[in-house]
Structure formats: C-alpha cells, structure tokens
Amino acid sequence: MIQREELILIGHYNKPHGVVGEISATVDVDFDVLQSLSCLVSEIDGIYVPFFVNACRPKTTETVLLTIDGIANEQMASRLVNHDIFALKRDFSDASEEADADGYPLDYFIGFELRDSDDCRVGDIIDVDEQTENAIFIVDRDGTELMVPANDDLIVEFDIDKRLMVMDIPEGLLDLND
C-alpha cells in the first residue's frame, strides 16, 4: 500500500479532453521527467492509487494531455478532475547527481540539509511555500524558520544520496529573517 510519505505532489488533473479518456493535467515537473516516472498516484476514496500513463503529450508549457491505462472514456476521466497528482519519491532518487534542479518538484528537497557556498550549515529544508509568485524554501535553523528563495539560479549543487543542497545565498539575505 502506498503511503503519503512516499509521494511528492507534482500537479493536478484538470478536465477530460475529448471522448476517449484523455485528460488534461497541470504539472510542476519538466515533460521529460514526467515521461520517466513509473506511475502517477492520486488519492481515491482515501487510498493512494497508482495510474500508469500510456501516452503523454504537451498542451501548453504547464499543461499536458494524458492517456491513462484503464481510462477509456470521458466519464471515466471526469472522475479524476481536480484530484492531486503525486509521483513516487523513489522515481526521483534514481536520477543522476548531475541532474538540474529544474527537473525536480520543489517538494523533493524537503528534508535536505542546506549549506551556503562557503560550506556553512544554514539548516534543514522543512517546507516549500509556493503560494507566491516566487517559491520559497522554509528552512529550520536551530528552531528558527528562515525563508530562502527556491530559485534554480541560486542552487550551486545538490547530492541526492547525502540529501544535501548547496546554494549561493546572497549576502545579508539570511539576516532579513531576524
């Protein structure tokens, strides 16, 4: 049985597209990453259910059209409308250490240790706030919450095995949290 702790939120289903079961979805991962996932998971009646994608094609920069195994008509596809789409964390763990952070949903980095470019510990990433135009990592620094922009340009490197992220944090930015 799939548990919530094993999942990363990557998007949501929009509405059926056509009459053969295709459905549009808004996703927060690159198209190539989406195609490499073993399955998509959604909560149905309190249980996390895997769905296997037969076909995927881009519609807009943020929207894709999905054909899902077992979803054969508009009525079946409409049951997924407005459901969240999750991916298995292990699908991302198998990725290369050389991967660009752009390919990962920001939730993936929750639990990573954050260090600055001088290799000084900043704290642990405990949450991501995506309610604003610019996403923010919420970092626990010895019981104090810091806000650090989750900007790919600031990420110097990350190590999946060590669960470590190094960022080039602009001087004085951490002092703004005081």
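**Strand pairing, cores and aromatic pairs**

Strands S2 and S6 (the latter covering residues 63–68) pair in the antiparallel sense over 4 bridges; strands here are DSSP runs of E with at least two residues, numbered from the N terminus, and two strands pair if DSSP finds at least two bridges between them. Within this pairing, Ile23 has Leu66 in S6 as its bridge partner. The structure is a predicted model, for which local features need pLDDT of at least 70 and side-chain atom pairs count only at pLDDT 80 or more, while totals for chains, interfaces and linings use all residues. Residues are numbered from 1 along each chain as its sequence is written, and side-chain values use heavy atoms, with hydrogens and water left out.

S2 also has a partner in strand S1 (residues 7–16), again antiparallel and over 4 bridges. Here Tyr13 is matched with Ala25 of S2 as its bridge partner. S1 and S2 form a hairpin with 6 residues between them, and Gly18 in the turn has a positive phi of about 85°. In S2, 5 of the 5 residues are buried, so the strand is largely enclosed by the rest of the structure; buried means under 20% relative accessible area, exposed over 50% and partly exposed in between, with a 1.4 Å probe and protein chains only. In a regular strand the side chains alternate between the two faces of the sheet. Accordingly, Ile23, Ala25 and Val27 point one way from S2, whereas Ser24 and Thr26 point the other way.

Thr26 deserves a closer look. Its place is in S2, which spans residues 23–27, and its side chain makes a polar contact of 3.0 Å with the side chain of Asn14. A polar contact is a pair of N or O atoms within 3.5 Å; within protein, one must be able to donate a hydrogen and the other to accept it, and residues adjacent in sequence count only if both atoms are side-chain atoms. Not counting residues up to four places away in sequence, Thr26 touches Ile10, Gly11, His12, Asn14, Glu62 and Thr63, where contact means heavy atoms within 4.5 Å.

Turning to the interior, the largest nonpolar core has 46 residues, and Leu34, Leu66, Phe137 and Met165 have the most contacts inside it. Such a core is a set of buried Ala, Val, Leu, Ile, Met, Phe, Trp, Tyr and Cys residues joined through side-chain atoms within 4.5 Å. A second, separate core of 7 residues includes Cys39, Val41, Tyr48 and Phe86.

A search of the whole structure finds 6 aromatic pairs; rings of Phe, Tyr and Trp (its six-membered ring) pair if their centres lie within 6.5 Å, with planes under 30 degrees apart counted as stacked, over 60 as edge-to-face and the rest as tilted. One of them joins Tyr48 and Phe86 edge-to-face, at 5.7 Å centre to centre and 90° between the planes. Tyr48 lies in strand S4 (residues 47–51) and Phe86 in strand S7 (residues 84–88), so the pair ties together parts that are 38 residues apart in sequence. The rings of Tyr108 and Phe109 have centres 5.6 Å apart and planes at 80°, so this pair is edge-to-face. Tyr108, Phe109, Phe112, Phe137 and Phe158 form one aromatic cluster.

Phe137 falls within strand S10 (residues 136–141), which pairs in the antiparallel sense with S9 (residues 121–129) over 5 bridges.
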